[in-house]
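Hello,

Here is the structure I promised to pass on to you. Please have a look at it first, and then read on for what turned up.

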Amino acid sequence: MESYWEKSVERTDYPPLTEKTSADVCVIGGGIVGLCTAARMMEKGYGVVLLEARRLGSGATGGTTAKITVQHGATCYQDLIRRKGPRGASLHGQANREALLEYPALLRDWEVQCDYAAAPFYLYAATERGVETLKREKDAHKRAGIESRWAEETLPFATKAALVLEDQAIFHPLKFVQGMARALAKRGCRIYEETRALRIDDFGRVHTPEGGVMASHVVIATHYPILDKPGMYYARMYQERSYACRLEGPKLCAMYFGVEEDSPSYRPAGEWIIASGIRHPTGKDPQGNPYQRLLERTRQQFGRVQSMEGWSAQDCMPYDGVPLIGWYGKSDDRRLVATGFQKWGMSQALAAAGILSDLVHRGKSVYEELYRPWRVAPLDMTRGYLAHTGTLAASLAAGWMGIPSLKPESQGGQVVRKDGKRMGLYRNEFGEEFTIKAKCSHMGCSLKWNDAEKTWDCPCHGSRYDIHGNVLEAPAIRGIGEE
Ligand SMILES: Cc1cc2nc3c(=O)[nH]c(=O)nc-3n(C[C@H](O)[C@H](O)[C@H](O)COP(=O)(O)OP(=O)(O)OC[C@H]3O[C@@H](n4cnc5c(N)ncnc54)[C@H](O)[C@@H]3O)c2cc1C
Ligand code: FES
């Protein structure tokens with residue numbers, strides 16, 4: 001479903017790439033990471049070509065809720081201290097604080113209008129257990145150098161306690177993406193849409209359906225990385241979907257994020273509220289209607305609110321909870337990557353853009369070690385991967401197991417046996433049928449029907465396809481039947 005952001009802007013119309021060309025830097029992916037990285041590279045004097053498989057902002061950035069904050073979830077800094085020590089946590093805080101502070105200058109320098117506004121961020125608890133979580137996070141803030149205070153003011157709904165981080169921000173993510181693209185193009189960046197990168201070789205050649213780019217450096221900003229090797233990213237991250245809706249309700253002047261599982265988070269958007277929450281790994285059953293569940297939770301807090309529209313999106317979740325930003329593989333000095341933002345990509349995208357452009361320009365970054373993408377798998381990562389391989393094995397095994405056939409009268413999508421083959425069959429409300437092979441083009445896992453989005457989703461690493469088998473989200477590069 002289209003997000004509020006997508007509905008409130010015109011779609012972009014950059015041409016596809018139909019020839020062979022060259023550039024200092026080729027950025028693959030036109031989401032917030034790609035656009036910010038292109039800008040930072042150009043500021044350092046590099047010529048940039050940007051390739052986008054679909055339309056700019058059509059990935060996670062088009063479905064985000066766009067809260068720009070250094071507080072990445074309920075237990076961000078306590079988790080980072082446990083995983084990376086106080087120095088790692090404080091470096092993460094510093095990278096994101098710098099990015100947060102850089103936004104106004106970036107918007108001014110590139111003349112971008114995107115409804116940017118400063119706003120406080122409240123981390124709230126509704127239970128005594130939640131208050132204990134807040135106390136631990138407050139301690140972690142002290143150790144990581146993050147400024148926060150206990151809220152003494154009354155919040156717009158009942159809570160037990162809240163921590164406040166002042167001077168965080170919100171914006172319209174697609175006005176940002178489109179405004180940056182216009183400004184980049186004006187200064188000489190060549191942007192191509194409907195141009196999927198099909199292959200990137202060790203020499204910096206990016207192959208596309210009708211052309212290609214030869215570049216000194218290639219930035220893979222495709223959200224989930226599209227190269228499996230080096231780096232084995234499929235063993236480092238999974239993807240998780242979350243739901244958002246725009247509501248008519250009381251006017252808010254701040255952002256709110258609940259520490260309890262399934263607590264909604266809120267931000268203002270003009271005269272509306274955007275609520276988000278409810279999550280599950282991509283390709284898994286959402287357990288009931290997620291939009292209805294989200295609406296019920298917001299009604300418990302605000303009383304009667306009216307939903308204007310709902311949408312969902314997904315983000316990459318590293319098993320060890322730390323983003324992956326830097327050289328793509330151990331001996332790579334051409335290809336770079338930025339991913340794994342765990343639904344907090346707004347500040348991290350700009351931080352990543354600075355890190356990647358420093359690596360290319362100066363050969364180093366103070367954040368290099370913390371975010372090294374190909375780091376040796378810590379215990380957390382190995383444990384997470386092993387748990388997830390259960391999904392992988394089950395999904396691959398599904399290909400050999402018996403499957404029910406779709407009842408003739410039913411509408412929706414289901415995996416069926418047709419002419420002895422395992423097929424994904426979608427039947428719309430008019431009885432029209434659309435059939436694809438129900439096997440992911442990435443590594444062959446069995447696809448699952450996503451009824452909320454009317455897409456085929458892969459439970460293994462989160463690739464998604466439309467009802468015709470065209471790729472919607474990476475790591476898949478090729479559509480069903482094209483491999
Ligand atoms: C529901 C939800 C709410 C969120 N809310 C917040 C929030 O409030 N604050 C926050 O900080 N973060 C939030 N996030 C996280 C944030 O939205 C993401 O981390 C961020 O948008 C990721 O940006 P990206 O550029 O990496 O990916 P994307 O926006 O997905 O961009 C990647 C682009 O690459 C393109 N692409 C893929 N493959 C290829 C290929 N082979 N060739 C060319 N192009 C390709 C895709 O089409 C896509 O446009 C949220 C995420 C979700 C899911
Ligand atoms: S996304 Fe990896 S097998 Fe489908």
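To begin with, which order do the strands of the open sheet of three strands have, and is their pairing parallel or antiparallel? The order is β18-β19-β20, and the pairing is antiparallel. At the edges are β18 (412–418) and β20, each of which pairs on one side only. From one strand to the next, the twist averages 30 degrees. Strand β19 (residues 421–427) is joined to β20 by five bridges in the antiparallel sense. If you would like a pair to find by eye, take Tyr426, whose bridge partner in β20 is Phe434. Please keep in mind throughout that this is a predicted model.

There is also an open sheet of four strands, with the order β21-β22-β23-β24 and antiparallel pairing. Here β21 (448–450) and β24 (471–473) are the edge strands; each has a single partner strand, so one side of each is left without a neighbour in the sheet. Two bridges connect strand β23 (residues 464–465) with β24, again in the antiparallel sense. Within β24, Val471 is the residue that stands opposite Tyr465.

The disulfide comes next. The count is one, and the cysteines involved are Cys445 and Cys460, with sulfur atoms 2.1 Å apart. The torsion about their S-S bond is about -90 degrees, so this disulfide is left-handed. Cys445 sits in the loop between β20 (433–437) and β21, while Cys460 sits in the loop between β22 (455–457) and β23; the pair therefore ties together parts that are 15 residues apart in sequence.

Now to the helices, where I looked at three packings.

Helix α2 (residues 32–43) and helix α7 (residues 345–361) have axes that come within 8 Å and cross at roughly 40 degrees. The two are therefore oblique to each other, and their crossing is right-handed. On the α2 side you will find Ile32, Val33, Cys36, Thr37, Arg40 and Met41; they meet Gly345, Met346, Ala349, Leu350, Ala353, Gly354, Leu356, Ser357 and Val360 of α7. Sorted by class, the residues of this contact are ten nonpolar, four polar and one charged.

α2 also packs on helix α3 (residues 76–109), with axes that come within 13 Å and cross at roughly 70 degrees. An angle from 65 to 115 degrees counts as roughly perpendicular, and α2 and α3 are therefore roughly perpendicular to each other. This crossing is left-handed. Ile32, Cys36, Arg40 and Glu43 make the contact from α2, and Glu102, Tyr103 and Leu106 make it from α3. The classes here are four nonpolar, no polar and three charged residues. You may notice some names coming back: Ile32, Cys36 and Arg40 of α2 are in the contact with α3, and Ile32, Cys36 and Arg40 are also among the α2 residues that meet α7.

The third packing is that of α3 with helix α4 (residues 128–144), at an angle of about 10 degrees and with the axes 10 Å apart. α3 and α4 are therefore roughly parallel to each other. From α3, the contact takes in Cys76, Tyr77, Gln78, Ile81, Pro86, Ala89 and Ser90. From α4, it takes in Thr133, Arg136, Glu137, Ala140, His141, Arg143 and Ala144. By class, the contact of α3 with α4 has seven nonpolar, four polar and three charged residues.

Finally, here are some backbone details to look up:

- Lys229 and Pro230 are joined by a cis peptide bond, with omega about -5 degrees. Pro230 belongs to the loop between β10 (211–220) and β11 (237–248).
- Ala474 and Pro475 are also linked by a cis peptide bond, where omega is near 20 degrees. Pro475 is in the segment after β24.
- Asp115 is not a glycine, yet its phi is positive, at about 55 degrees. You can find Asp115 in the loop between α3 and β4 (117–125).

Happy browsing, and do write back with any questions.

Best wishes

Note on methods: Residues numbered from 1 in each chain as written. Chains lettered and ligands numbered in written order. Predicted model: local features only at pLDDT ≥ 70, side-chain atom pairs only at ≥ 80, totals over all residues. Heavy atoms only, no water. Axes fitted to C-alpha atoms, helices over the stretch in contact; angles between N-to-C directions. Parallel < 35°, antiparallel > 145°, perpendicular 65-115°, else oblique. Left-handed = near helix turned anticlockwise from the far one by under 90°. Contact = heavy atoms within 4.5 Å. Nonpolar A, V, L, I, M, F, W, Y, C, P; charged D, E, K, R; others polar. Pairing = 2+ DSSP bridges. Disulfide = S-S within 2.5 Å.
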